[in-house]
Structure formats: C-alpha cells, structure tokens
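Visitor: I should like a close look at a single part of this model, followed outward to what surrounds it. Please state the cut-offs of each term as you go.

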Amino acid sequence: MQKKPILITIGDPNGIGPEICLKLMAKLPKTRHPVVLIGDINVLERCGKIGGVPIYADSAPFKGKLQPGKVSKAAGAASIAWVRQAVEIAQIGMAAAVVTAPLCKEAVEKTLPGFQGHTEFIGEMCGDREPVLALVHGDWVVAHVSTHVSLAGSIKKATTERIVKTGKLLNKFLKKYKGIKNPKIGVAGINPHAGEHGLFGKEEMQNIMPAVKKLRSMKINAAGPLPADVVFPQLGSKAFDGVIAMYHDQGHVVTKTLAFDLGKNRKVRGVNTTLGIPVLRTSVDHGVGFDIAWQNKADETSLRDALLLADKLA
C-alpha cells in the first residue's frame, strides 16, 4: 500500500517558489512518502521544463499575469489558495504533511486583510490562532513565543501561559525529532541581561520565571530566563537541545546568521515548522526572493531540508 503523499505548495508565482520546486523535483532526495506539488501546472511549465513532475490535477489556476519580481494581488490570491487546498487535503487524512514554498505577505494581504503569514493562517484553519513557530537547522532548534507582531506587541504576548505552551510543544517536538527522553531547554529573557533582576525590566520576574517554574513542575527540563547572548551560544555548544525565544527577531536573526550563506552560492539552509497543530507543516526559512525570481539563481536547499524534515516526522 502506497504511503500518503507530502504536498508542496509552489508559493508566489512571481517569486522563486516555482523555480525551487522544479529544482527539488529534478533532484528529488529519497523519501518514504511520494511528493506532489500543489500549484498551477501552467506556471511551472513557463518556469521550466517539468517533465514527469507530479502536480495535483485540481489545483486552483493562477488567473493573473505573470510578473516575476512584482507584488501582485492575483499571485497572492493563488498562493494562499494553494496553501488552503493542501491543508484541507491533509485535514481529511489524504496527505502525510504539507511543505510550503515562500509566499508574499503583502500580496496575500490584498485579498485577505490582516494576513500575518503561513503559521497563523494554517493555525487558524486548524483551530489555533496562535500556534508556535520553530526554526530547525540540524541540532539547532528555536521555538518562538511570538512571531509576526510588533516589538511592543511581542512584549505583551510574552505571558506566562504562552511561554508554558511554547515550552510544552518544544519539549514534545525535541523528543520526537532528536529521540531523547528529557530534552534540555533554555529559556531566553526578553530584556538585556535577562532584566538584571529588574534593573532593565520586570518581565522576567513577572512572567518568564513563573513560566520556567511551571514547566519544571511538569517535569520539563527548562532553565532560565537567560540572557539571549548567553543562551544561544549554549545552544550552539549543545548545553541545550532547544531554546525558547521570546519574539521573532530574537530567534530568527541568530538562526539565519548561522544557516544562510548569501555569498556567491546563495545557499540557504534551515526549516520553519509549526508546532501544536494536527497538520504536519514545514517550510523554507526564507522569503520570495523577488530580486532573483525566474533568473535560475535560486537555491532549493532549504526546501529540500523542509521536505526531509516532514518525511522524518510524518
């Protein structure tokens, strides 16, 4: 009996999504699950020779004009329609996982006001408006308490309840991903020097310390709050198996500094995955690349990593 497929959405038609999907399918790594693209076959045909690439036949068509490198309302509508379709297929048990190529938030927002990103959109489809985003780069795993909100908003979202939720989901993920019984989790502070005992802010004492205490009462091996410039080097030295970042840039900047090589080869590694929802979803850890779209310059490494992680976890 053939296993359920992993579905890959091709992303914004005007970005690098179609190109990296084609490059991946041309050199498809060995996976336990078959791989199927969700998108418009005409877009892929125009992007390059597709040969025997499997496409889901009923994928919604792209009804706009292809304009590589441009923000387009039609492209945004198509890209989010493909995501919705893939998630719905997974929700009825017809797919093992969903992998997403990059879309343009600005383009999607033109037809879906208030759109924040894949994570929140898929989370809402699955009944959780605030799922947890995690970045994975080999042994490097960082889960985020908040993501696509302002810095001021992220401080408000760093509640004890939310931190505990993030810790529980990260602990569960690390057990499965790394195969360890009692993962060590570092918890970052939100202020410089983790607040320095209230000198630089009281969020650590009011919200983060109680969350760490609660996690430890649940037999989760959490430590903190620790200054960000301490906890991430400790993650790198494997003193921790994973880290909880309090906001988007706290976790993303250091991860992408390690995972991105945007020199001559433009290699991008690292995977974005969503924790706490019933649909297994992974994604590339980069954007639409409008500056190099449809120029045969895009690297598919992050998409390959996202596929392999989905295949491992499925």
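Guide: Within helix H1, the buried residues are Gly-17, Pro-18, Glu-19, Ile-20, Cys-21, Leu-22, Leu-24 and Met-25 (buried means under 20% relative accessible area, exposed over 50%, and partly exposed in between, with a 1.4 Å probe and protein chains only). The model is predicted: local features need pLDDT of at least 70 and side-chain atom pairs count only at pLDDT 80 or more, whereas totals for chains, interfaces and linings use all residues. Residues are numbered from 1 along each chain as its sequence is written, and side-chain values use heavy atoms, with hydrogens and water left out.

H1 is mostly covered, 8 of its 10 residues being buried. Helices (H or I, at least four residues) and strands (E, at least two) are DSSP runs numbered from the N terminus. The buried residues of H1 pack against strand E1 (6-9), strand E2, helix H2 (41-47), strand E12 and helix H11.

One residue of H1, which spans residues 17-26, is Glu-19. Its charged side chain belongs to a residue with 5% relative accessibility, which therefore counts as buried. A polar atom of that side chain lies 3.3 Å from the backbone nitrogen of Asn-296, and the side chain also reaches the backbone nitrogen of Ala-298 at 3.0 Å. Setting aside neighbours within four places in sequence, Glu-19 is in contact (heavy atoms within 4.5 Å) with Cys-47, Ile-292, Trp-294, Gln-295, Asn-296, Lys-297 and Ala-298.

Next comes the packing of H1 on H11. The axes of the two helices come within 9 Å and cross at roughly 60°; axes are lines fitted to C-alpha atoms, for helices over the stretch in contact, and angles run from 0 to 180 degrees between N-to-C directions. H1 and H11 are therefore oblique to each other, given that angles under 35 degrees count as roughly parallel, over 145 as roughly antiparallel, 65 to 115 as roughly perpendicular and the rest as oblique. The crossing of H1 and H11 is right-handed, the near helix being turned clockwise from the far one by less than a right angle. Ile-20, Cys-21 and Leu-24 of H1 meet Leu-303, Arg-304 and Leu-307 of H11 in this contact. By class, the contact of H1 with H11 has 5 nonpolar, no polar and 1 charged residues; Ala, Val, Leu, Ile, Met, Phe, Trp, Tyr, Cys and Pro count as nonpolar, Asp, Glu, Lys and Arg as charged, and the others, Gly among them, as polar.

Pro-34 is found in the loop between H1 and E2 (35-38). Its relative accessible area of 27% makes Pro-34 partly exposed. Leaving out neighbours within four places in sequence, Pro-34 is in contact with Gln-2, Lys-3, Lys-4, Pro-5 and Ile-6. The C-alpha atom of Pro-34 is separated by 9.4 Å from that of Pro-54, which is 20 residues apart from it along the chain.

Two of the partners of H1 also bound another site: Asp-285 is placed in the loop between E12 (281-284) and H11 (301-313). At 4% relative accessibility, Asp-285 counts as buried. Apart from neighbours within four places in sequence, its contacts are Leu-135, Thr-255, Lys-256, Phe-260, Val-268, Gly-270, Val-271, Asn-272 and Ser-302. Among these contacts, Lys-256 has its place in helix H10 (residues 248-259) and, at 26% relative accessibility, counts as partly exposed.

Definitions and conventions:
Polar contact = N/O pair within 3.5 Å; in protein donor to acceptor, adjacent residues only side chain to side chain.
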